[in-house]
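Here are a few worked exercises on a protein model, each with a step-by-step solution. Try every task with the structure open before you read on.

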Amino acid sequence: MKAHRFDSFDSLDALRLHEDIDPRPQRGEVLVRVHAVSLNYRDLAMLRGRYPRKCVPGHIPLSDAAGEIVAIGEGVRAFKVGERVISAFHPRWFGGDMPSTIAQDSYGAESDGWLCELKAVSQEAVVRLTDTLSYEEGSTLPCAGLTAWTALAGPKPIRAGHSVLVQGSGGVSIFALQLARAVGATVIATTSSAAKAEKLKALGAAEVVNYAEVPEWGKAVRALTGGRGVDRVVEVGGPGTIVQSLHAVALGGEIASIGFLSTENPGIDFFQLKMSGASLHNITVGDRAGLLDLNRAVAATGLKPIIDRVFAFNEAREAFSHLESGAHLGKVVIRCVS
Ligand SMILES: NC(=O)c1ccc[n+]([C@@H]2O[C@H](COP(=O)([O-])OP(=O)(O)OC[C@H]3O[C@@H](n4cnc5c(N)ncnc54)[C@H](OP(=O)(O)O)[C@@H]3O)[C@@H](O)[C@H]2O)c1
């Protein structure tokens, strides 16, 4: 089978196509023909030395996939050949506290990911894909979709009447916008692009603030809520955006701390953090139980993931470049079958 591997993390040119031996499912494993994979910022961060975990070169990148089960190993009861599945971002986090295997299981960083034609994994490392989504759409759920779901789910679930701030127009933020709208919450979005602002409004954002033109965008967001602040911030900017997020959040609100897109790190003031009255929820995508819940929610609401562009299997480098350009809105996908 064909598989792309990062032979090193020196440059995108180090992403090379390899001919590997076809995997065979062992006891308890399913063999998945990968139909589509989607990219996340983390896949780029590994290449640019910005991923905050250990990254070992030589692995197949990408954590998020959708495919068809083409063979099953001995003892597999959960799935049959022909079923459509998606990968679980954390293949051994089923629920409860995070397992200690989180780092070593990290697809693309310390274990082989999904940018390949065939993959054998434990039957517990995939979940059934809802019939309402195509393979391309399904491939966007495991990381971006589940992270947004986790950010809105709790500890205090977002519901009708709540307000949610989403930052930028990347994969996690667009899912958060869609999921928040699906439960009747009000969404305020930020972006650096006037053209994307219109698209964010079309997707249901009540207000959009241009963070490139309004440096104090957190205060602007607070003003848009009548001075109260938002109930939830879906924080994907990280060190360079957290101060504005603290201006934007309501007393008793929650900042779902997710990302590290910003490159600057001016630090935050302890008293601003304390006096915001908000809680900080540190998110690591989510567990398998959450992915099952997300699938059910997507099926019930008819939510369609927003795909910016689909690349062919042999255009993997172009897909990474497109993500890096920041021109996308929503998800960048690679189709693995022709
Ligand atoms: N902790 C977790 O569980 C978890 C899970 C998933 C993702 N993440 C992290 O969350 C972040 C987002 O991931 P993603 O895959 O959704 O990214 P992405 O799709 O690559 O998002 C890129 C978009 O983010 C916006 N952006 C870039 N820099 C920004 C800044 N300084 N402030 C505000 N917005 C900015 C831009 O939108 P505009 O063009 O509209 O300005 C850009 O187009 C990444 O840091 C990723 O590693 C963490």
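**Exercise 1. Place Gly326 in the predicted model and decide whether Gly326 is buried or exposed.**

Step 1. Start with the chain: Gly326 sits in the loop that runs between α10 (316-325) and β15 (331-335).

Step 2. Now count neighbours. A residue needs 20 or more other C-beta atoms within 10 Å to be buried, and 12 or fewer make it exposed. Gly326 has 14 C-beta neighbours inside 10 Å, so Gly326 counts as partly exposed.

Step 3. Finally, look across the sequence. Gly326 and Gly168 are 158 residues apart in sequence, yet their C-alpha atoms are 9.9 Å apart in space.

**Exercise 2. Do the same for Gly330, and find which residues Gly330 touches.**

Step 1. Gly330 also belongs to the loop between α10 and β15.

Step 2. The neighbour count is 23 C-beta atoms inside 10 Å, so Gly330 is classed as buried.

Step 3. Leave out residues up to four places away in sequence, and the contacts of Gly330 are Gly171, Ile174, Pro305, Ile306, Ile307 and Asp308. Two of these names, Gly171 and Ile174, will come back as buried residues of α4.

Step 4. For a distance check, take Thr191: 139 residues separate Thr191 from Gly330 along the chain, and their C-alpha atoms are 13 Å apart.

**Exercise 3. Test the length of α4 (171-182) and of α3 (141-153) against 1.5 Å a residue.**

Step 1. The twelve residues of α4 should span 16 Å, and the end C-alpha atoms are 17 Å apart, which agrees.

Step 2. For α3, a straight helix of 13 residues would span 18 Å, but α3 spans only 15 Å between its end C-alpha atoms.

Step 3. Add burial to the picture. Ten of the twelve residues of α4 are buried, so α4 is largely enclosed by the rest of the structure. For α3 the count is 13 of the 13 residues, so α3 is largely enclosed too.

Step 4. What covers α4? The cover over its buried residues includes α3, β8 (163-167), β9 (186-191), α5 (194-202), β11 (230-235) and β15.

Step 5. Just after α4, check the backbone: Gly184 takes a positive phi of about 90°.

**Exercise 4. Work out where the ligand lies relative to the two domains.**

Step 1. The domain assignment gives domain 1 (2-140 + 305-335) and domain 2 (146-282). Their C-alpha centres lie 28 Å apart.

Step 2. Look at how they meet: nine residues of domain 1 are in contact with ten residues of domain 2. On the domain 1 side, this contact has five nonpolar, three polar and one charged residues.

Step 3. Turn to the ligand. Of the 33 residues around the ligand, Gly168, Gly170, Thr191, Ser192 and Gly259 come nearest. The shell is made up of 13 nonpolar, 18 polar and two charged residues.

Step 4. Among the helices, α1 (41-47), α3 and α4 each supply at least two residues of this shell.

Step 5. Both domains give residues to the shell, so the ligand lies between them.

**Exercise 5. Summarise the overall fold in numbers.**

Step 1. Count the elements: the protein has ten helices and 15 strands.

Step 2. Its radius of gyration is 20 Å, close to the 20 Å that the globule rule gives for 338 residues, so the protein is as compact as a globular protein of that length.

Step 3. Of the 338 residues, 49% count as buried.

Terms used: Residues are numbered from 1 along each chain as its sequence is written. This is a predicted model: local features need pLDDT of at least 70, side-chain atom pairs count only at pLDDT 80 or more; totals for chains, interfaces and linings use all residues. Helices (H or I, at least four residues) and strands (E, at least two) are DSSP runs, numbered from the N terminus. The radius of gyration is taken over C-alpha atoms; the globule rule is 2.2 Å times the number of residues to the power 0.38. A residue is near a molecule or strand if its C-beta atom, placed from the backbone, lies within 6 Å of it. Ala, Val, Leu, Ile, Met, Phe, Trp, Tyr, Cys and Pro count as nonpolar, Asp, Glu, Lys and Arg as charged, and the others, Gly among them, as polar. Domain bounds come from an automatic or database domain assignment. Two residues are in contact if their C-beta atoms, placed from the backbone, lie within 7 Å. The expected span of a helix is 1.5 Å times one less than its number of residues.
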